[in-house]
Amino acid sequence: MSRSNTANTAEGDETVDDDRASTSTRDRFVNRRRFLMTSGVLAGVGVLAGCSQNQSESDDGGTPTAEPESTPEADEDDEPSLQNRYPGLRILSPEPENGEAAARATYGDYITPREEHYIRNHYPTPSIEESEWNVSLTGLVGSEVDLSMEEIKHSFSTESVTHTMQCSGNGRNYFEPQVGGNQWTFGAAGNTVWTGTPVSEILEQYGAETGDEYFLTVMGGEHPDGEDVFCRSIPMQKVMDDTMLAYNMNGSPVSPDHGFPVRLLVPGWYGCNNVKWLSRMHVMDTMVIGDEWEEPGAPENGQRTYTHWQQYSYRVVPEEDTRATHYEEIPVYDTREQMEQTDEIANAYMFDQVEKSLIGYPGLGQTVSPSPAGTIEIIGVAWAGDDAVEAVEVSTDGGDNWGDAEFFGPMDGASGWRQFRYVWENPSAGEHTLVSRATDERGYTQPATISNPDDQLRSIEDDQYPWNQSGYGCNAYMAEAVNCTVEE
Ligand SMILES: Nc1nc2c(c(=O)[nH]1)N[C@H]1C(S)=C(S)[C@@H](COP(=O)(O)O)O[C@H]1N2
Ligand SMILES: [Mo]
């Protein structure tokens, strides 16, 4: 696939901004369908196509946007639709493929099945033959190399990690005033086991610079000609710690839409860092920045090529800023810690995730009845990026009074979510507002609400999450409240 950055935008349309859907109807550039036939997922697809997908209950977060396609429809050449391939998703756009978990029930379990794991694509899912795919290693290395999938899988160690993948834009729908882009509610998060090759071994094998001052700039191979390369710069410290080239997801090959045949996996960090259809890794002594990585005249002419997704997008930008300030490097990577260091980092980068929790039962708008013992067990999940979750509290009265939840289930390192339960004693009949809030090992706790744009916040202050132009990073617990009805 071409890595050229010289092509013009085919239709002269605006460069896609932020984590927003590209709605342009540019030409298909690959045959997605043939890809599915060759990637080993078709057997699963057949099963899914037979399922009904009545998952969305009343549980759609009350969003005004796309309804799930209710009628299973085949594409021209009989590939099952995105909805049929992923019956647990509410589809936000069929192409590029974007969808989120349709029901809160996804957050009542530990492992998220592939059919319920959100998909976030800027460009259509590409058609890739595994046997023809290479990942190149370039830049500050002893010797540059093209690695086949065979080498990636079998010339190095194999690792597995549980990781809560979450889109930076999850919860964007709750921002007021509304911000543009895919209107994700709660569902752009999932917890899965990823298997692959530690990137550190590959870098060491080929003599790369691996000190803390370096960055690994990683690029997706799927961009249509003239579009920005999906490119991210990961600090070397994190790369050497636990980042891997993942090719299996929950014990099956990563699905086409989730990055087949290989993606970068950055445990605990926002989804955007986990570059899918990985084609190139480039060792640098700064983040990707500057003319060398942009078209001449960028960004005015909309040809931002390699820098766009790292420097312009995925930044916390308050209303008063015209654009994010670009940096060659920053002193801390924890997103919440960056937000606090506004003297040094004007606009936080979406790297390590902030603490968050979601109730999985009861679901939104659900009517539930107490057990014979007169209790209701509220369950959910909590995570805090690559930091451990220390505590979860639950309130059954909209945040006035709180009690401690208890953890249960597996704990596979910090980057996977923890399950929690809270036994609600003697719930009264009628409507209730349930909320949960997590505190991480750094002592950071989820704030209550999203701020007003006028407040121009850059960090979490006074129990408020900073409203920002692209709606990134929302972890305000009132936004995630579950209204339910208890039966007599
Ligand atoms: N090459 C490439 N990688 C990508 C993207 C993309 O559009 N292209 N989207 C990113 C974003 S914004 C997210 S949130 C995650 C989503 O991963 P998933 O679709 O497997 O859930 O992939 C990331 N990796
Ligand atoms: Mo994302």
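**Salt bridges, burial and backbone in a predicted model**

Mentor: In this predicted model, aspartate 386 forms a salt bridge with lysine 238, their closest N and O atoms standing 3.1 Å apart. The pair links distant parts of the chain, 148 residues apart: aspartate 386 is in the loop between strand 16 (375–383) and strand 17 (389–395), and lysine 238 is in helix 6 (residues 236–242).

Trainee: Why is the contact between aspartate 386 and lysine 238 called a salt bridge?

Mentor: The closest N and O atoms of aspartate 386 and lysine 238 are 3.1 Å apart. A salt bridge requires a side-chain nitrogen of Lys or Arg within 4 Å of a carboxyl oxygen of Asp or Glu, and therefore this pair qualifies.

Trainee: Is aspartate 386 buried or partly exposed, and what makes lysine 238 count as it does?

Mentor: Aspartate 386 has 27% relative accessibility, so it counts as partly exposed. Lysine 238 has a relative accessible area of 6%, and the limit for buried is under 20%, so lysine 238 is buried.

Trainee: How many salt bridges does the structure hold?

Mentor: The structure holds 16 salt bridges. One of them joins the side chains of arginine 90 and glutamate 100, at 2.6 Å from N to O.

Trainee: What makes the pair of arginine 90 and glutamate 100 a tie between parts of the chain?

Mentor: Arginine 90 belongs to strand 1 and glutamate 100 to strand 2, so the pair ties together parts 10 residues apart in sequence. Both partners, arginine 90 and glutamate 100, are buried.

Trainee: How do you know that arginine 437 and glutamate 393 form a salt bridge?

Mentor: Their closest N and O atoms are 2.9 Å apart. The cut-off is 4 Å, so arginine 437 and glutamate 393 meet the criterion. Arginine 437 lies in strand 21 (residues 430–440) and glutamate 393 in strand 17, so this pair ties together parts that are 44 residues apart in sequence.

Trainee: Why does arginine 437 count as it does, buried or exposed, and what of glutamate 393?

Mentor: Arginine 437 has 16% relative accessibility and is therefore counted as buried. Glutamate 393, with a relative accessible area of 17%, is buried because the limit is under 20%. Salt bridges that share partners also join Asp334, Glu337, Asp387 and Arg442 into one network.

Trainee: Which residues form the negative surface patch?

Mentor: The patch is formed by Glu319, Glu340, Asp454, Asp455, Glu461, Asp462 and Asp463.

Trainee: Why is this patch called negative?

Mentor: Its members are Asp and Glu residues, and these count as negative, so the patch is negative.

Trainee: Where is aspartate 463 found, and how accessible is it?

Mentor: Aspartate 463 is in the loop between strand 22 (449–450) and strand 23 (464–465). Its relative accessibility is 39%, so it counts as partly exposed. Members of a patch need over 30% relative accessible area, and aspartate 463 therefore passes that limit.

Trainee: What makes the phi of aspartate 463 notable?

Mentor: Aspartate 463 has a positive phi of about 65° although it is not a glycine. Most residues other than glycine have a negative phi. Tryptophan 277 also has a positive phi, of about 45°, and is not a glycine.

Trainee: Where is tryptophan 277 found, and is it buried or exposed?

Mentor: Tryptophan 277 is in the loop between strand 12 (263–265) and strand 13 (278–284). With 2% relative accessibility, it counts as buried.

Trainee: Which peptide bond leading to proline 96 is cis?

Mentor: The bond from glutamate 95 to proline 96 is cis, with omega near -5°. Proline 96 is placed in the loop between strand 1 (89–93) and strand 2 (98–101). The bond from tyrosine 361 to proline 362 is likewise cis, with omega near -5°, and proline 362 lies in the loop between strand 14 (356–361) and strand 15 (367–368). Most peptide bonds are trans.

Trainee: What makes the approach of serine 313 to tyrosine 472 a polar contact?

Mentor: The side chains of serine 313 and tyrosine 472 make this contact at 3.3 Å. The cut-off is 3.5 Å, so the distance falls within it. Serine 313 has 0% relative accessibility and therefore counts as buried.

Technical notes: Residues numbered from 1 in each chain as written. Chains lettered and ligands numbered in written order. Predicted model: local features only at pLDDT ≥ 70, side-chain atom pairs only at ≥ 80, totals over all residues. Heavy atoms only, no water. Patch = residues over 30% accessible without salt bridge, like charges linked within 9 Å, V, L, I, M, F, W, Y side chains within 5 Å. Areas by Shrake-Rupley, 256 points an atom, 1.4 Å probe, with all protein chains shown as cover. Charge placed at Lys NZ, Arg CZ, Asp CG, Glu CD. Helix = DSSP H or I, 4+ residues; strand = E, 2+ residues; numbered from the N terminus. Buried < 20%, exposed > 50% of the residue type's maximum accessible area, 1.4 Å probe, protein only. Polar contact = N/O pair within 3.5 Å; in protein donor to acceptor, adjacent residues only side chain to side chain.
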